[in-house]
Amino acid sequence: MHPTHYYIWYRIGGDPAKARAAVNALMQDVALHAGVIGRLMLRRDDPTTWMEIYENVVDTALFDSVLADATVRSGIAASAGEGRRIERFADAP
């Protein structure tokens with residue numbers, strides 16, 4: 001089975017510093033409990049569109065559970081004005 005790569009994008013609303021603190025907390029939580037280190041990117045032509053990337057996830061059931069819990073604990077949903085969209089990809093064989 002190929003690892004799964006998660007791409008989670010959303011537009012932030014409100015205070016970017018507060019949103020960044022929430023994302024940092026979320027990513028630390030995910031790294032601690034799932035062992036997957038994420039990274040944050042900003043859309044070049046719209047810095048209010050953010051994307052979290054988590055690559056090479058092997059245990060997707062564990063990761064999905066950890067991500068859901070970390071999302072709630074971090075409070076990022078309050079900053080993601082248009083909601084978080086989660087997309088999952090695998091490498092082509």
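Reader: Which residue in β3 stands opposite Arg11?
Author: This is a predicted model, in which local features need pLDDT of at least 70 and side-chain atom pairs count only at pLDDT 80 or more, while totals for chains, interfaces and linings use all residues. Residues are numbered from 1 along each chain as its sequence is written, and side-chain values use heavy atoms, with hydrogens and water left out. Strands β1 (residues 4-11) and β3 (residues 46-57) pair in the antiparallel sense over 7 bridges; strands (E, at least two residues) and helices (H or I, at least four) are DSSP runs numbered from the N terminus, and two strands pair if DSSP finds at least two bridges between them. The residue in β3 opposite Arg11 is Thr49.

Reader: Which element of the chain has the lowest mean pLDDT?
Author: The pLDDT is the predictor's confidence in each residue, from 0 to 100. The chain has a mean pLDDT of 94, with 99% of its residues at 70 or more. Among the elements, strand β2 (residues 38-43) has the highest mean, 98, and the lowest, 88, belongs to α3.

Reader: Which residue in β4 stands opposite Thr4?
Author: Strand β1 also pairs with strand β4 (residues 85-90), in the antiparallel sense and over 6 bridges. Opposite Thr4 in β4 stands Ala90.

Reader: How many residues lie between β2 and β3 in their hairpin?
Author: Strands β2 and β3 run antiparallel and are joined by 6 bridges. One bridge pairs Leu40 with Glu52 in β3. The number of residues between the two strands of this hairpin is 2.

Reader: Is Arg84 buried or exposed?
Author: Arg84 lies in the loop between α3 (76-79) and β4. Its side chain is joined to that of Glu52 by a polar contact of 2.4 Å, that is, a pair of N or O atoms within 3.5 Å; within protein, one must be able to donate a hydrogen and the other to accept it, and residues adjacent in sequence count only if both atoms are side-chain atoms. Relative accessible area (1.4 Å probe, protein chains only) separates buried residues, under 20%, from exposed ones, over 50%, with partly exposed in between. Because the relative accessible area of Arg84 is 19%, this residue is buried.

Reader: How far apart are the end C-alpha atoms of helix α2?
Author: The expected span of a helix is 1.5 Å times one less than its number of residues. For the 15 residues of α2 (residues 60-74) the expected span is therefore 21 Å. This agrees with the distance in the model, which is 20 Å.

Reader: Within what arc do the buried residues of α2 fall?
Author: The buried residues of α2 are Phe63, Val66, Leu67, Ala70, Thr71 and Ser74. Seen down the axis, they line one face of the helix because they fall within a limited arc, taken from the directions from the helix axis to the C-beta atoms. On the other side, Ala61, Val72 and Arg73 are exposed. The arc of the buried residues is 135 degrees.

Reader: Which residues does Ala22 touch, not counting residues up to four places away in sequence?
Author: Ala22 is found in helix α1. At 7% relative accessibility, Ala22 counts as buried. Contact means heavy atoms within 4.5 Å, and on that basis Ala22, leaving out residues up to four places away in sequence, touches Ser74, Gly75 and Ile76.
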